[in-house]
Amino acid sequence: MSLFSAVEMAPRDPILGLNEQFNADTNPAKVNLGVGVYFDDNGKLPLLQCVLAAEKAMLDAPKPHGYLPIDGIAAYDTAVKSLVFGTDSEPVTSGRVATVQALGGTGGLKVGADFLKKLNPAAKVLISDPSWENHRALFTNAGFKVESYRYYDETTRNLNFDGMLADLNAAEAGTVVVLHACCHNPTGYDISPAQWDQVIAAVKARGLVPFLDMAYQGFGYGLAEDGAVVGKFVAAGLMFFVATSFSKSFSLYGERVGALSVLCTDKEEAGRVLSQLKIVIRTNYSNPPTFGGAVVATVLNTPELRALWEKELGDMRVRIKAMRQKLVDGLKAAGITQDMSFITTQIGMFSYSGLSKDQMVRLRNEFGVYGTDTGRMCVAALNSKNIDYVCASIAKVI
Ligand code: PMP
């Protein structure tokens, strides 16, 4: 009898499980559209030039490896605030944003979740249906009851905005609402600015607690454009949470660079909130790692590197859009008669293709084209070499 006899085998992470299956696949033509990672036109994970330049500068001026403060690098937190709220915005100049460096966007969400659980233990959490796989698990593990609001309609293959609004309007006061700030994962469908206004009005009227997950700022229409939704929440006078991720926008996946920002009423309140976020961090992992935060802080705070980053991020965004168009054109050329143009109205790294589970399984088993069973494909992994093969394969299963 072992201490661990009763430990059950946990289910595999669906996306990482897919990755393992992909790696074991011997089909030379295989294409991985499963995982949410941006690859360049050669199918390679990019090392951004701005990141390389910051790394070189850091190597040229080596520093010993001390501990960071609990809330991370001060210059990093300041840069995140500017990026999320705008440099000269009122929340930043008045000092009413509490920002902490976090272990990726996931870490930002978890620090926020743990803080919220202490603040309001009885609150429920609402996530979109469907949402990023980890939202439900993360908030459940933080102790919350997690439910969903309608978002995507399988039959119309489009947003169910009326359903979303109805569900928000039916939520109890104090409910935490997790909202994808831009580039919704997994569907690729974002709500319009006018619809955001309605969501904000509902959140305000019902006394809900907005938690914006901003994992793809810059991948939709641009940094400022994608960040505009934050400004709308500020203008509405709401207090809210924003989780930032630089995994994709800096191609720094493994360095775990992200942040949590909490907008408070005033500077004094932000100081108290910050002190509590620091307790959450201190009792979980004490303080964040240095490297990724130092790279991002260097890039964001050095004008030439910042300009280079914006260009490189813009190039990624433009390439993804070009691939969406190529996918639509290629599917048509491959003989698909149904209208697939919705792929170009979707935004960000993902597309809900509308393909069924059976079709996705066939794509995988017969053609080595990997997407999730839900029909999600990462369009940021398409390139000029694999696109024809992917289109031809999809045409054979439709
Ligand atoms: N939120 C969403 C919606 C995501 O898609 C992701 C990454 N796939 C994250 C959060 C987490 O990002 P990170 O890898 O920086 O933890």
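Q: What makes a run of residues a helix or a strand here, and how many of each does the chain have?
A: Helices (H or I, at least four residues) and strands (E, at least two) are DSSP runs, numbered from the N terminus. By this rule the secondary structure of the chain comes to 15 helices and 13 strands. Arginine 157, for instance, belongs to neither kind of run, since its place is the loop between strand S5 (152–153) and strand S6 (158–159). Please keep in mind that this is a predicted model, in which local features need pLDDT of at least 70 and side-chain atom pairs count only at pLDDT 80 or more, while totals for chains, interfaces and linings use all residues. Residues are numbered from 1 along each chain as its sequence is written.

Q: Which residues does UniProt list for the domain?
A: An unreviewed UniProt entry lists residues 30–394 as "domain: Aminotransferase class I/classII large"; such positions use the numbering followed here, with feature names shortened, and annotations may be inferred rather than shown by experiment. In the model, residues 30–394 are 47% helix and 16% strand, and the C-alpha atoms at the two ends of the span lie 13 Å apart.

Q: What does the radius of gyration say about the chain?
A: It is taken over C-alpha atoms, and the globule rule is 2.2 Å times the number of residues to the power 0.38. For 398 residues a compact globule would have a value near 21 Å, and the chain agrees, because its radius of gyration is 21 Å. Taken along the principal axes, the C-alpha atoms fill a box of roughly 60 × 60 × 55 Å.

Q: How are contacts in the chain spread along the sequence?
A: Two residues are in contact if their C-beta atoms, placed from the backbone, lie within 7 Å. Among contacts between residues at least 6 apart in sequence, 75% join residues at least 24 apart. Aspartate 25, in the loop between helix H1 (14–24) and strand S1 (31–32), gives an example, being in contact with Lys30 and Gly368 once neighbours within four places in sequence are left aside.

Q: Which members of the largest nonpolar core touch the most others?
A: A residue is buried if 20 or more other C-beta atoms, placed from the backbone, lie within 10 Å of its own, exposed if 12 or fewer, and partly exposed in between; a nonpolar core joins buried Ala, Val, Leu, Ile, Met, Phe, Trp, Tyr and Cys residues through C-beta atoms within 7 Å. The largest such core has 112 residues, of which Val177, Met349 and Val379 touch the most other members. Helix H12 (residues 303–333) gives the most to this core, with 8 residues. Beyond four places in sequence, valine 177 is in contact with Leu126, Leu168, Val203, Leu208, Val209, Pro210 and Phe211. In the chain as a whole, 45% of the 398 residues count as buried.

Q: Is serine 286 buried or exposed?
A: Serine 286 is exposed, because 10 other C-beta atoms lie within 10 Å. Its place is the loop between helix H10 (267–284) and helix H11 (291–301). Phenylalanine 342, in helix H13 (residues 342–345), is partly exposed, because it has 16 such neighbours within 10 Å.

Q: Which residues surround the ligand?
A: A residue belongs to this shell if its C-beta atom, placed from the backbone, lies within 6 Å of the ligand. The shell consists of Gly36, Gly104, Gly105, Thr106, Trp132, His180, Asn185, Asp213, Ala215, Ser245, Ser247 and Gly258. Helix H5 (residues 104–119) gives the most, with 3 residues. With Ala, Val, Leu, Ile, Met, Phe, Trp, Tyr, Cys and Pro counted as nonpolar, Asp, Glu, Lys and Arg as charged, and the others, Gly among them, as polar, the shell divides into 2 nonpolar, 9 polar and 1 charged.

Q: Where do cis peptide bonds occur?
A: Most residues other than glycine have a negative phi, and most peptide bonds are trans. One cis bond joins aspartate 129 and proline 130, with omega about 0 degrees, and proline 130 lies in the loop between strand S3 (124–129) and helix H6 (133–141). Another cis bond joins asparagine 185 and proline 186, with omega about 20 degrees; asparagine 185 also appears in the ligand shell. Proline 186 is in the loop between strand S7 (176–180) and helix H8 (193–206).

Q: What phi values do arginine 157 and serine 286 have?
A: Although neither is a glycine, arginine 157 has a positive phi of about 50 degrees, and serine 286 has a positive phi of about 70 degrees. Arginine 157 is partly exposed, because 14 other C-beta atoms lie within 10 Å. Its C-alpha atom and that of phenylalanine 342 are separated by 8.9 Å, with the two residues 185 apart along the chain.
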